[in-house]
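User: I would like a close look at a single part of this model. Please keep the account connected and brisk.

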Amino acid sequence: MIDTVFSFFKAPIHNKVPAGVCSVRSLHAYITGDAHLQKLTAEVRSVAGDRTEYRRRKVALLPYVTPAGVFSYCKESCVLVPSGLFVVDIDHLASSAEAAAWRNRLADDPLLRPDLAFVSPSGTGVKLFLSYRLASDDVLAEAFGRAMRAAWDYLELTYGLQPDQANKDLCRACLLAHDADARIRQPEGQQG
């Protein structure tokens with residue numbers, strides 16, 4: 001799924017018209033290397049102690065993607081092409097060091113096999129892009145929901161982690177943050 005495409009949106013979060021499309025590979029390059037995203041992430045995290053200001057800056061400054069597919073508008077009925085991806089968000093970890101440790105541990109999980117794993121805007125959470133199969137006779141929303149619930153159950157039963165269940169919508173925005181050590185799954189047979 002590394003080259004699967006999905007919509008990319010410029011900030012603020014109220015912007016519902018995509019700026020373009022990107023792939024997991026190009027998103028990984030952006031998250032790990034874009035200087036402007038690094039600056040925005042630092043600005044958002046600098047007010048992490050003030051919940052109201054943190055939330056205001058996060059939604060005003062950070063770009064986002066809709067990992068579930070390409071959308072003409074950020075609305076479930078406006079999906080043009082499903083990507084076969086969904087995001088799992090694990091929030092409220094104790095520290096940035098714990099978030100980085102979970103990012104790495106979950107990136108290496110042989111059953112989850114996330115296409116992308118990075119530390120969230122707060123610095124104390126992890127975002128995972130997971131792929132699922134969509135058969136030709138599947139209803140998109142049902143296949144998406146089954147895959148997401150299976151991942152949530154696996155994370156809870158295996159690791160005791162409670163994923164954010166607000167991420168259940170097909171068009172759910174995934175805010176981006178700089179993470180120089182974000183992990184991308186390498187295609188079979190390649191070392192990363």
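What is the strand order in the open sheet that holds β6, β7, β8 and β10, and how do its strands pair? Please also cover what packs around that sheet.

Analyst: A caution before the details: this is a predicted model.

The sheet has 4 strands and is open. Its order is β6-β8-β7-β10, with antiparallel pairing. The edges belong to β6 and β10. Each has a single partner strand, so one side of each is left without a neighbour in the sheet.

Take the β10 edge. Strands β7 and β10 run antiparallel and are joined by 2 bridges. Here A117 stands opposite R183 of β10. β7 covers residues 116-119, and β10 covers residues 183-184.

Now the β6 edge. Strand β6 spans residues 85-90, while β8 spans 126-131. V88 makes contacts with V126, K127, L128 and L130. V88 also touches A151, W152, L155 and P163. That list leaves out residues up to four places away in sequence.

Next, the helices. Helix α4 runs over residues 96-107. Its 12 residues should span 16 Å at 1.5 Å a residue, and its end C-alpha atoms are 16 Å apart, which agrees. The buried residues of α4 are A99, W102, R103, L106 and A107. Seen down the helix axis, these fall within an arc of 125°, so they line one face of α4. What covers them includes β6, β7, β8 and β10, along with α5.

Helix α1, residues 24-33, also belongs in this picture. α1 lies across β6, β7, β8 and β10. Its direction is at about 20° to β7. The helix also lies across β1, β2 and β3, where it runs at about 90° to β2.

Those three strands lead to another open sheet of 4 strands, with the order β2-β1-β3-β9 and antiparallel pairing. Its edge strands are β2 (20-23) and β9 (174-175), each pairing on one side only. β3 and β9 are antiparallel over 2 bridges. Within that pair, V65 stands opposite C174 of β9.

What about the nonpolar packing? In soluble globular proteins, nonpolar side chains tend to be buried together. The largest nonpolar core in this model has 57 residues. Those with the most contacts inside this core are L27, V65, F86, V88, L106, L128 and F129. Helix α5 (140-159) gives the most to the core, with 9 residues. Several names recur here. V88 is the residue that touches L128, and L106 is among the buried residues of α4. V65 is the one opposite C174.

Finally, the loops around α4. H92 is found in the loop between β6 and α4. Its phi is positive, about 60°, although H92 is not a glycine. H92 is exposed, with a relative accessible area of 70%. R113 lies in the loop between α4 and β7. R113 is not a glycine either, yet it has a positive phi of about 45°. This residue is partly exposed, at a relative accessible area of 33%.

One backbone feature belongs to the other sheet. The peptide bond from A11 to P12 is cis, with omega near 5°. P12 is found in the loop between β1 and β2.

Technical notes
Residues numbered from 1 in each chain as written. Predicted model: local features only at pLDDT ≥ 70, side-chain atom pairs only at ≥ 80, totals over all residues. Heavy atoms only, no water. Pairing = 2+ DSSP bridges. Contact = heavy atoms within 4.5 Å. Axes fitted to C-alpha atoms, helices over the stretch in contact; angles between N-to-C directions. Core = buried A, V, L, I, M, F, W, Y, C linked by side-chain atoms within 4.5 Å. Buried < 20%, exposed > 50% of the residue type's maximum accessible area, 1.4 Å probe, protein only. Expected span 1.5 Å × (residues − 1). Arc of directions from axis to C-beta.
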